[in-house]
Amino acid sequence: MAERQEPERNNDPMPRRAWDAPLVGRAAELATLDEAMRAAADGTAAVVLIAGEAGIGKSRLTAEAANRARADGWQVLSGGCLDLAEGSVPYLPLMDALHDLPIDTLSPLLTRWLSGVAEEPSPQHSEDAARGRVYAAYLEVLRASSPNSPLALVVEDVHWADRGTRDLLSYLVRAFTAPTARARVLIILTYRSDDFQRGSPIRRWLGELARRPSVSRVDVAPLGRAEVGQQLNALGTFDSHAAQEIFLHSEGNPFYVEELAALWTTGQPRVPEVVRDAAEVRVASLPADDLDVVRLLAALGRPATFEFIQVLSGRPPTELLGTLRRAVEAGLFTVDAQTAAYRFRHSLLAEAVRSDFLPGERASLHQVIARSLTNDPALSTGPGEVGYHQAVAGDLEAALLSYLEAADAAARIYAFGDAGEFLERALELWSRVTDPVGRSGKSRADLLSGAAEYAALAGEFDRATALAKAALAEPEVAAHPERRAQVWRRIAWYRLMASDGPELFAAHEAAAAALESTPQALGLARLVAEDALARAIWSQGAEALAQAERALSLAEIEGDLGALGLALNARGCVRSATGNSEQAISDFHQALGLARSHGTHQDVARATLNLAFDLVQAGRYEQALALCEIGVDEATSMGLALPYAALCRNTAADALFALGRWPEAASQTEAVLTLTEDGEAARMAKQIQARIAVFGGDPELARRLLSEVPRSGRVRDEPQVVGPAWLTLAELCCWSELFDEGRAAVGAGLELVAGVDAWLTAQLCPVGIRLEADRCLSARRRRARTEESAARRRARELAVTAETVGTREGPIGAWIAQAHAEFARIAGGETELLEFEMWAAVRDRWRALGHRYDEAYAEVRWSEAKLAAGSRREAEAALRHSASVAQELGAAPLAAFVADVRLRAGLDAAPQPVEDGLTPREREILSFVASGASNRDIAEALFISPKTVSVHISALLRKFGVSGRGDLRTPAALHLPHE
């Protein structure tokens, strides 16, 4: 065996520190950051997620990017999340980032928020509304600071981010990356990719961010052998043997390289646990009297000023300065240039020191910290930190009170998720504390109910339900029916927000049973009205109507005009679902009046929303849009932006889509998705966006958006979301002749809504008949008689279903007329009117309603029928008009359909330019054929029918003078067209 070589020593007692040396490698990572900076500087905000294992160099890379940005005139705001475990401080890194801005740039609202002062509660300032205003103010201060020079917001170590920080970052990312957003802002987030366990909420959160547009991820990989060599050259002098050993044992991790280099210079190149070894060596180099300061800072878990460390250690200033200087020289501590706070040079060193704590030592250290923070609260980051140290020290009574105080403090700055977590930590201590009720002035049921409300405000409705159900088992709730009913009603609200119909109805029934067991059962009218409204939303028409009528009677008996208005709202929903729009509008107007005079803010918002939606169903779009604008403003001011302002925006988007104002519709949905990416409102917004993508000719985007609108499981019972999603998928299938998938989508949609929702039934039927008619005609050309008969039979069944819709007014009536016109294409004399007469009637209906797209589509079908009847001149003029509308709307599939009809009819109003004997369309199709695509593949890609593809291929065969499709795939055929 070769004799072991002694490591070559550096002349310096310690190697040069890594961050003093130039950055090694990272060219690809910096290129991604540079690209994001260029995009942001040009006005397209960008987000970069920097991921990597501990010590891999995320902070060094981020610092390099920040320095480059500053050199280019950028403003850089920065903050870092701290590993405070259960003592996390809501919004801390984002609050710290604002300190880099001049104080006069901050609004009074943000200034109050930074100081932890809440707005005074009032009907116009609910908790949810106040949080929304703070988030909007934070967004605005970043946007307002970026016009003169681009702005970068850097948040490090988000694997330790508290719930409030995550929520606000999500809001900022959604707002800045919306398609219509323009801002010179770059957000950089760093995190440890090796610090997550399966099911981690932060892991899920980062995954959601990564799926946003304009978000890129940089995975910081280990350094290669040559790059480690460059790093070692910057750190000191190491021979090839040392460099090889350090590379192998560090596995390319820059922090490990540095620590191994330091060990090597001491003659102790041990490697199995490099960080612990490094920490031991660095700690061992200190005098024994210095160790308590090192351990105190490790137990504290965050940076600390000299004054704070002096309070913790009790040391005289001169002696403490000597200790800190030695810790810095030993490479354990570093000093923050901006805050003058001492911190461990890397969190891994702090973790290594903590891992050596003995149980008694750990408690003793945390006791010292807890006592210091309690004696001088100004030293703490908040009561949550104090509670954490008290709990570890074993002072559970004090920790319980601190966690309750932390929950209140978090709620004051609208960090509701954090507030709930603090209450849950208090609940964990409850059974271990003597007389917790006497000490806290609260019951366990109070904490459970409070935690449930905070969880709901944070959007965690399943968690809220579990906590509220736990409260039901507490004696003070179980023994009092009114309290029991109150908790069940909150559970019903949580299940409504979670789109869980069965559990919602069960909660209403339990609340009603509790109320009915009391002598007077006051409040039963409102409860029954709420149940009626929920059942109407879930398309349980008969049950909803029965409950609405019962609620009307109970409201008269109780004299509850607010409940009366809610019952009228529910009855209006039932009437609306059956197509009786005018009666529904009357109910909604009465409901809205009673809500304003005697109801709650939520009653006002619900009545406004439902009235607006029914105005859309009646085709009164301008009225609906005006009411939606009012609804958005009112719901936002009342703290009901979610869900009601968002749902009003979706309703406005529906109206705008119908009118052909697609960019405005998309803008409304983007505003919704800036507020939330979860829940009913977000799913509806994505479905509307998918529909715009289908009609605009982007099937890939449509499918991606529809994949985010689940159509099975719990939300399958949410017909107002799931029904439109099936409709949109069926419409997508129409343009690509995906007959089986389209038939399945129509069937699934009708299974959900037929007989209970006239609005959706009326839309699904004509789409389904169109699919079946196209299939029937395709089968007829292929002489597939069985398939042809089956398609005609299914079309006839759908026509019968369309007849079950009770109304013939407004858009519903137009869709029913279109269903029969679609059937006329294959009816073979079964209809009373001629096909072109039926399409003329449909076209006129859509024209009267202002549906430009639907009018143009009906006009193309009318032209087809007129061409078949020999009226070429009229058809040609109509097709020109339809093509113009399609172009103006950006409706690529409709434009392709017009071109298809013209081609089959031999019309030549707009000849294509010819190059080398081929038109652009022929060259396009030739390239697909050369790649091996089938007619169906080509048709789907170009939004034309397979038979149109066949016509083009026949022309290509003729022009090239070849006999088969395979000949078109030869290079000679591609370049030498036959003259």
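The legends below describe close-up views of a predicted model of the protein.

**Figure 1. Confidence of the predicted model and its low-scoring stretches.**
The protein has a mean pLDDT of 85, with 89% of its residues reaching 70 or more. Residues 1-19 have a pLDDT below 50, and the model gives this stretch 39 contacts beyond near neighbours in sequence. A second view covers residues 909-914, where pLDDT stays under 50 and the model has 10 contacts beyond four places in sequence. Where pLDDT is low, the predicted coordinates should not be read in detail.

**Figure 2. Helices α6 and α7 in contact.**
Helix α6 spans residues 163-176 and helix α7 spans residues 201-210; their axes come within 11 Å and cross at roughly 5°. An angle under 35 degrees counts as roughly parallel, and α6 is therefore roughly parallel to α7. On the α6 side the contact is made by R166, L169, S170 and V173, and on the α7 side by P201, I202, W205 and L209. By class, the contact of α6 with α7 comprises 6 nonpolar, 1 polar and 1 charged residues.

**Figure 3. The crossing of helices α8 and α9.**
The axes of helix α8 (residues 225-235) and helix α9 (residues 240-250) come within 10 Å, crossing at roughly 120°. The two helices α8 and α9 are therefore oblique to each other. Their crossing is right-handed. From α8, residues R225, V228 and L232 meet A243, Q244, I246 and F247 of α9. The residues of this contact divide into 5 nonpolar, 1 polar and 1 charged.

**Figure 4. A salt bridge within helix α19.**
The side chains of R425 and E421 form a salt bridge, with an N to O distance of 3.8 Å. Both residues belong to helix α19 (residues 416-430) and are 4 residues apart, about one turn of the helix. Across the model, the count of salt bridges comes to 62.

**Figure 5. Helices α26 and α28 in contact.**
Helix α26 covers residues 524-537 and helix α28 covers residues 561-577; the axes come within 8 Å and cross at roughly 20°. This angle makes α26 roughly parallel to α28. The crossing of α26 and α28 is left-handed. The α26 residues in the contact are A525, R526, A529, E530, A532, L533 and A536. They meet G562, A563, L566, A567, N569, A570, C573 and V574 of α28. Sorted by class, the contact of α26 with α28 has 11 nonpolar, 2 polar and 2 charged residues.

Note on methods:
Residues are numbered from 1 along each chain as its sequence is written. This is a predicted model: local features need pLDDT of at least 70, side-chain atom pairs count only at pLDDT 80 or more; totals for chains, interfaces and linings use all residues. Side-chain values use heavy atoms; hydrogens and water are left out. pLDDT is the predictor's confidence in each residue, from 0 to 100. Contact means heavy atoms within 4.5 Å. Axes are lines fitted to C-alpha atoms, for helices over the stretch in contact, and angles run from 0 to 180 degrees between N-to-C directions. Angles under 35 degrees count as roughly parallel, over 145 as roughly antiparallel, 65 to 115 as roughly perpendicular and the rest as oblique. A crossing is left-handed if the near helix is turned anticlockwise from the far one by less than a right angle, and right-handed if clockwise. Ala, Val, Leu, Ile, Met, Phe, Trp, Tyr, Cys and Pro count as nonpolar, Asp, Glu, Lys and Arg as charged, and the others, Gly among them, as polar. A salt bridge is a side-chain nitrogen of Lys or Arg within 4 Å of a carboxyl oxygen of Asp or Glu.
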